[in-house]
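Here are some notes for a colleague who is opening this structure for the first time. Please read them with the sequence and the model side by side.

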Amino acid sequence: MIVTLTPNPSVDRAVVIDALRRGEVHRATESRIDPGGKGVNVSRALAANAGKTVAVLPVGGPEGHLLEELLDAACVPRCSVPVTGSARMNISVLEPDGTTTKLNEPGPTLSTAEVDALLSATVGLAADPAAHTDWVVGCGSLPPGAPADLYATLVRRVRDLGVRVAVDSSGAPMAHAVAARPSLIKPNHEELAEVVGHDLPTLGDVHAAALDLVTNGIECVAVSLGGDGALLVTADGAAHARATITAPLSTVGAGDCMLAGLLHGLSTGQAPEDALTTGVLWGAAAVTLPGSRVPTPADLLGIPVDSTDTPDFTWRLAG
């Protein structure tokens, strides 16, 4: 099973308009709401593909009740931790060419007791022998009141149980997590550059930065590169995979679906390079769907993924 912790979940509303024009009134042609937050999206993608998962999240206020209803409707198992504040609502504005503009609220302020309850719920699931937990995943931004080292604390507490931990975040929370040496991190291109403190214009630069992190104790670094695919680096080598999507609809949650596919592959015994291909397939399929919908097995059909364990490190990246 894969347990996800999302300290700052959301209700995600996506609206489709013809073009975004600042200061004008727009009439949406479509809209939808989904449960959101990076870890929630990972659990949603896993559940949609028959993967075993539990999403741990703080829930409060009317938006929190709606979030629970949406997760239940999507058949996503959850462990809700009651909090005083209301869950946030995020808005994504989608244009026909795939351009996505996001408006993210900060989320509720969590007390020390509420943060402790979130960590305890997650660690408790990891420690339960009946759960057979393969991975614990800490994902996303932190809400006000949460300490910057929350993910680092998660890494240390879960690692002591012999369970692997993955982290997907940015800024100070990611820096603290990297110092705690989780089993896997999944930064995007910008986030990896932030971690190492310099630009990474080529695939070779990304590889060198990821390899340095592996040398310093992180078993696996998976870097999502947008249209350039993803690079996976371990002590045994590197693999690159890429899918070409000609008609993108939304990039919201695509990186989360990529992480879900990668972890699903690793937890079911796939070799790292094959798990990367699975992750890129899931992430590419998400781009073909509206809003923050996650792919089902039917959505994965017909998407070709090119992969290699001998990447072209001279490749200059778009981002």
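1. The helices and strands named below are DSSP runs, counted from the N terminus, with at least four residues for a helix and at least two for a strand. The model is a predicted one, and the points that follow should be read with that in mind.

2. The second largest pocket encloses about 210 Å³ of space. Strand S3 (30-36), helix H1 (38-48) and helix H2 (61-73) each contribute at least two residues to the lining of this pocket. That lining comprises 14 residues, and those nearest the centre of the pocket are Asp34, Arg44, Ala48, Ala74 and Val294. Sorted by class, the lining of the second largest pocket consists of ten nonpolar residues, one polar residue and three charged residues.

3. How many cavities of 30 Å³ or more does the structure hold? There is one, and the largest cavity contains about 30 Å³ of space. Its lining is formed by Pro7, Asn8, Pro9, Pro58, Val83, Ser86, Ala87, Arg88 and Pro108, a set with six nonpolar, two polar and one charged residue.

4. Helix H6 (residues 189-196) and helix H7 (residues 203-215) have axes that come within 11 Å and cross at roughly 55 degrees, and the two helices are therefore oblique to each other. The crossing in which H6 passes H7 is left-handed. On the H6 side the contact involves His189, Leu192, Val195 and Val196, which meet Val206, Ala209, Ala210 and Leu213 of H7. By class, this contact of H6 with H7 has seven nonpolar residues, one polar residue and no charged residues.

Technical notes:
Residues numbered from 1 in each chain as written. Predicted model: local features only at pLDDT ≥ 70, side-chain atom pairs only at ≥ 80, totals over all residues. Heavy atoms only, no water. 1 Å grid on protein atoms, 1.4 Å probe; cavity = no way out; pocket = protein on both sides within 12 Å on 5 of 7 lines; lining within 4 Å. Points joined across faces, edges and corners; volume = space filled by probe spheres on them. Nonpolar A, V, L, I, M, F, W, Y, C, P; charged D, E, K, R; others polar. Axes fitted to C-alpha atoms, helices over the stretch in contact; angles between N-to-C directions. Parallel < 35°, antiparallel > 145°, perpendicular 65-115°, else oblique. Left-handed = near helix turned anticlockwise from the far one by under 90°. Contact = heavy atoms within 4.5 Å.
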